[in-house]
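Colleague: I'd love a tour of the inside of this one. Please bring it up and we'll start with a single side chain.

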Amino acid sequence: MKTIQFRGEPALPAIGQGTWYMGETPALRNDEVRALQAGLDAGLRLIDTAEMYAEGGAEEVVGEALRGRRDQAFLVSKVYPWNAGEVDAAEACERSLRRLRTDYLDLYLLHWRGNVPLEETLRAMESLQQQGKIRHWGVSNFDSEDMQELWGERGGVNCLTNQVLYHLASRGIEYDLLHACQQHDTPIMAYCPLAQAGRLRQALFDDPHLQQVAQQRGISIAQLLLSWVIRQPGVMAIPKASSVAHVQENAAALTLTLEAEELALLDRAFPPPPHKLALDVV
């Protein structure tokens, strides 16, 4: 099984569980809770959420799923950039903790960069650590220039991860960001690894090269895409799955290893970037 190592932490499976769009439809809540619990049963310990998702609704779903099972999860949430100041971050974190029904987060991320100076956000994160509200902190949607600036700040090297968009049809981070993060022992968390919510999802799932490889291996396109994302050292995928069947399908991708000729075929269909690209976001 493929794993990922966050600094100072035991290894985790290289596929976790995302929750974007959860908590938006009350009729689906029970299914979403069951899916997250099935993911824990399958060993997908990392659960990622955010105060932005359904304006706290996704955190409430996660909190319900973790009732009596908090110690089984590596719990991640994210703070809005306008809540990333010293006072606002403390209040935002408390709200997230209440919705999640827990007294601490394993990892708290700045969701994207805003107008609050990085040095102030770092002070806020360090204060939350000292209070025991969070164990680690990191960032999301930071490009290479942002990361270099962050690492230059006092305490910036303590950033545990950078969560960015990454899938087969969006490979811009491979030009410089991925390597820089690997050099700084800062794993990448790939959101939308199946191009969920993106304009390229249908192009991926309809691509004849992907269909050929998936058919030959006897796997789904989703499993192929997940195994491709986590082929890289220091990269984990956090797909959202709102059904037990999809969670189990995702977990099975942890044991897949793509062959060199399969990777070459995918490279020809969706080439790596020949030059620097702006960070892709959705």
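Colleague: Which residues is Tyr108 in contact with, leaving aside its neighbours within four places in sequence?

Modeller: This is a predicted model: local features need pLDDT of at least 70, side-chain atom pairs count only at pLDDT 80 or more, and totals for chains, interfaces and linings use all residues. Residues are numbered from 1 along each chain as its sequence is written, and side-chain values use heavy atoms, leaving out hydrogens and water. With contact meaning heavy atoms within 4.5 Å, the partners of Tyr108 are Ser77, Lys78, Val79, Ala89, Ala92, Cys93, Met125, Leu128, Ile134, His136, Trp137 and Gly138.

Colleague: Which helix gives the most to the largest nonpolar core?

Modeller: A nonpolar core is a set of buried Ala, Val, Leu, Ile, Met, Phe, Trp, Tyr and Cys residues joined through side-chain atoms within 4.5 Å. This one has 78 residues, and Tyr108, Leu150 and Leu210 touch the most other members. Helices are DSSP runs of H or I, at least four residues, numbered from the N terminus. With seven residues, the top contributor is helix H9 (residues 221–229).

Colleague: Is Thr161 buried or exposed?

Modeller: Among the residues Thr161 touches are Phe6, Leu107 and Trp137. A polar atom of its side chain lies 2.7 Å from the backbone oxygen of Pro187. Buried means under 20% relative accessible area, exposed over 50%, partly exposed in between (1.4 Å probe, protein chains only). Because its relative accessible area is 0%, Thr161 is buried.

Key
Helices (H or I, at least four residues) and strands (E, at least two) are DSSP runs, numbered from the N terminus. A polar contact is a pair of N or O atoms within 3.5 Å; within protein, one must be able to donate a hydrogen and the other to accept it, and residues adjacent in sequence count only if both atoms are side-chain atoms.
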